[in-house]
Amino acid sequence: MAALITASAATAQVKAPTSYPAAPSDATVDEYFGVAVPDPYRPLENDTSATTLAWVEAERKVTEDYLAQIPFRDKLRSEISQFNNYVKQGAPWRWNDGRYYFFRNDGLKNQSVLYRMDHLGDTPTVLLDPNTLSEDGTVALTGITMSPDGKWIAYTISRSGSDWTEIFVLDAQTGTPIKDHIEWAKFTSADWRGNGFYYSAYDRPEAGKEYSNANENHKIYYHAIGTPQSEDTLVFEDRAHPLHFHSAGLSSDKRYLFVLVGGQGFGNGLLMKDLETPGADWKLIEASQDYEISPIDVIDGKLYMLTSADAPNNRLVTAPVSAPERANWTDLIPQADNGVLTSVQRAGKDKLIVNYERDASHHPALYALDGKKIRDIELPTFGTASFNSQKEYDDVFYTFTSFLFPSAAYSYDMATGESRPYFIPEVKGFNPEDYVTEQVFYTSTDGTRVPMFLTYRKGLKRDGNNPVYLYGYGGFNVSLPPSFSPNRLVWLENGGIYAQTNLRGGAEYGEAWHEAGTKQKKLNVFNDFISAAEYMIKEGWTNPERLVIEGGSNGGLLVGAVTNMRPDLFRVAIPRVGVMDMMRYHLFTIGWNWASDYGTSADSPEMANYLLGYSPLHNIRRDGTKYPAIMVTTADHDDRVVPAHSFKYAAALQAADTGDAPKIIRIDSKAGHGAGKPVSKVIDEYADIYSFIFENMGIQPK
């Protein structure tokens with residue numbers, strides 16, 4: 001295993017590329033409310049053109065030639081692989097057939113395998129092995145649901161990391177597939193009722209534009225087992241609002257169908273239909289998308305809902321199922337002042353498991369159906385907990401993870417409140433007792449108090465020379481609670497500090513925290529991140545030559561923006577699958593869905609000017625200002641944040657005068673935005689990321 005790095009950094013040994021491939025370009029100029037904005041690399045938006053494909057291959061060669069020269073790259077890959085090679089097992093759950101199911105990965109399998117047991121403690125049998133669905137592990141299992149009678153299991157897959165979803169069906173008794181097959185589904189599960197299921201899909205996309213064209217008119221269908229997809233029943237659509245998402249869900253008794261409507265607001269609308277009343281109309285519960293509202297279940301004639309309406313920290317309400325409009329809502333669990341109510345779920349016939357987030361850490365509790373708290377569910381330390389429970393059984397299991405503890409499974413006894421270890425993993429070569437995680441709070445530019453977790457080796461000295469890996473996201477009401485990553489261990493084992501900051505724009509302190517990082521308040525997010533770096537320097541942890549920043553997707557935007565704002569503050573920047581063109585992001589696939597957080601360049605002159613002021617693509621300095629070493633990452637099947645964002649940004653970066661540090665782009669193949677990526681590809685990617693970081697910090701890992 002790796003030893004501590006030396007205290008002083010050496011000079012990088014691998015020379016940065018002296019030239020980069022010439023990107024296809026033209027004279028495109030767009031006009032936004034009278035302001036002309038050149039877009040010279042517009043041809044790169046056509047990711048299937050011959051010129052773009054040739055540029056991609058040329059960039060891949062430059063990147064591989066650079067990375068191949070790093071002498072410790074193969075050893076890092078081997079070490080990361082060793083850290084990933086431990087048994088990972090999820091918490092079991094009891095399903096409609098009364099049997100127990102769980103996922104397990106024996107070490108380095110590309111995808112986790114679904115197992116089944118008749119009783120707890122039985123020898124499990126394999127029910128579905130996603131690794132058999134493709135030779136290279138690029139087909140990922142993204143969801144599974146069982147029919148109410150336990151006869152069928154529907155499972156969803158994605159190919160090469162795409163958001164496009166296919167649905168298949170297994171005979172639950174034999175595990176053999178039947179002929180049913182759904183294509184061009186997206187952002188969906190399979191919700192069973194009777195002899196079929198509801199799902200959401202788009203019309204078949206234009207050939208050749210499957211991964212780039214805007215997605216419109218999301219519809220809900222019902223599929224009956226044994227029939228072709230062409231005969232599926234259209235259940236819900238809204239052609240007046242082509243940019244809305246529509247997701248189906250059912251009450252546990254399968255009587256009530258809910259449709260969640262989202263895509264153009266902070267939250268979602270909600271409709272409901274009684275499927276057992278002939279000719280019943282849809283009941284509109286919430287028309288706007290201004291609030292989050294999630295149906296939990298219908299219990300004894302009452303609809304239970306978790307909502308942020310009139311409650312920025314969320315509350316649990318009930319309403320008569322016959323009159324579920326907001327005027328009839330009654331608080332069952334009011335919003336709390338000291339935490340955000342993040343989830344509620346049934347547990348047995350008369351209990352609820354309620355999870356709160358406080359200072360970016362989970363705090364679950366057991367409640368009765370009448371809203372009375374029974375007890376807290378104690379966790380080992382601050383971290384993240386996820387529960388498996390259902391109303392039909394008293395079995396409750398949960399997983400717990402933190403920065404130093406890989407995901408472990410526990411059983412929970414609702415009668416006694418006792419948690420018992422069910423599966424505790426062990427990562428060979430890593431002793432969590434050698435490290436510590438602490439939570440600190442720092443002050444952002446405008447005086448806002450922001451939390452951050454620091455994880456590092458015990459005994460580490462604040463000598464101003466420690467390497468710091470600073471990670472953030474800051475958007476879309478997404479929290480960053482503690483979590484474990486085996487890929488991160490090479491950083492910790494080599495004396496690095498992992499710093500994870502909880503920026504505005506996330507959900508850590510409810511809707512007010514989220515809203516404070518949106519639209520024309522987006523600069524708050526970037527300032528929070530910059531202030532985190534400045535805090536680490538001021539407090540004696542590190543210095544700018546030892547700071548690396550990384551973020552993905554909206555976090556890639558974060559890294560690109562702050563690099564332009566403060567190139568002097570960081571040694572290395574890793575913007576991953578980032579939203580880099582803020583003027584045109586809404587024109588691709590589901591980019592329009594992000595307008596509630598970002599606003600768009602078509603909204604108003606003020607909004608267009610604000611976006612132009614921080615868009616990473618449009619604010620690269622060209623005056624000789626020295627930039628950190630930058631490795632951009634993207635993938636050819638990313639249909640969430642299309643690769644054109646990273647292509648155009650990398651081309652502009654390479655053409656600009658930003659100093660001698662390398663500016664390369666790593667373009668993965670048969671991969672997407674990140675979800676479901678095979679373990680082998682994850683290991684390769686992190687080997688390249690850490691090799692790039694160590695090399696450009698002048699650090700020789702030992």
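Select strand E37 (residues 572–576) together with strand E38, and you will find that the two run parallel and are joined by three bridges; helices (H or I, at least four residues) and strands (E, at least two) are DSSP runs, numbered from the N terminus, and two strands pair if DSSP finds at least two bridges between them. Within this pairing, click on Arg-576, whose bridge partner in E38 is Thr-633. Before going on, note that this is a predicted model, in which local features need pLDDT of at least 70 and side-chain atom pairs count only at pLDDT 80 or more, while totals for chains, interfaces and linings use all residues. Residues are numbered from 1 along each chain as its sequence is written, and side-chain values use heavy atoms, with hydrogens and water left out.

Now keep only E38 (residues 629–635) selected, where seven of the seven residues are buried, so the strand is largely enclosed by the rest of the structure; buried means under 20% relative accessible area, exposed over 50%, and partly exposed in between, with a 1.4 Å probe and protein chains only. Show the side chains, and you will see Ala-629, Met-631, Thr-633 and Ala-635 pointing one way, while Ile-630, Val-632 and Thr-634 point the other way. In a regular strand the side chains alternate between the two faces of the sheet.

Add strand E39 (residues 663–668) to the view, because E38 and E39 pair in the parallel sense over six bridges. In this pairing, Ile-630 has Lys-663 of E39 as its bridge partner.

Next, centre on Ala-629, which lies in strand E38 and counts as buried at 3% relative accessibility. Leaving aside neighbours within four places in sequence, Ala-629 is in contact (heavy atoms within 4.5 Å) with several residues, among them Val-572, Ala-661 and Phe-692. For a longer view, select Gly-517 as well: Ala-629 and Gly-517 are 112 residues apart in sequence and 27 Å apart in space, C-alpha to C-alpha.

Return to E37, where five of the five residues are buried, so this strand too is largely enclosed by the rest of the structure. Here Val-572, Ile-574 and Arg-576 point one way, and Ala-573 and Pro-575 the other way. Then select strand E36 (residues 547–552), which pairs with E37 in the parallel sense over five bridges, and look for Glu-550, which stands opposite Ile-574.

Two loops come next. Most residues other than glycine have a negative phi, and most peptide bonds are trans. Select Asp-300, which has a positive phi of about 50 degrees although it is not a glycine, and which sits in the loop between strand E20 (293–299) and strand E21 (302–307). Asp-300 is exposed, with a relative accessible area of 78%. Then move to Ala-360, a residue other than glycine whose phi is also positive, near 70 degrees. Ala-360 lies in the loop between strand E25 (351–358) and strand E26 (361–368), and is it buried or exposed? At 0% relative accessibility, Ala-360 counts as buried.

Finally, zoom out to the whole protein, which has 10 helices and 39 strands, and whose C-alpha trace spans about 70 × 60 × 50 Å along its principal axes. Of its 702 residues, 60% count as buried. Among contacts between residues at least 6 apart in sequence, 58% join residues at least 24 apart.
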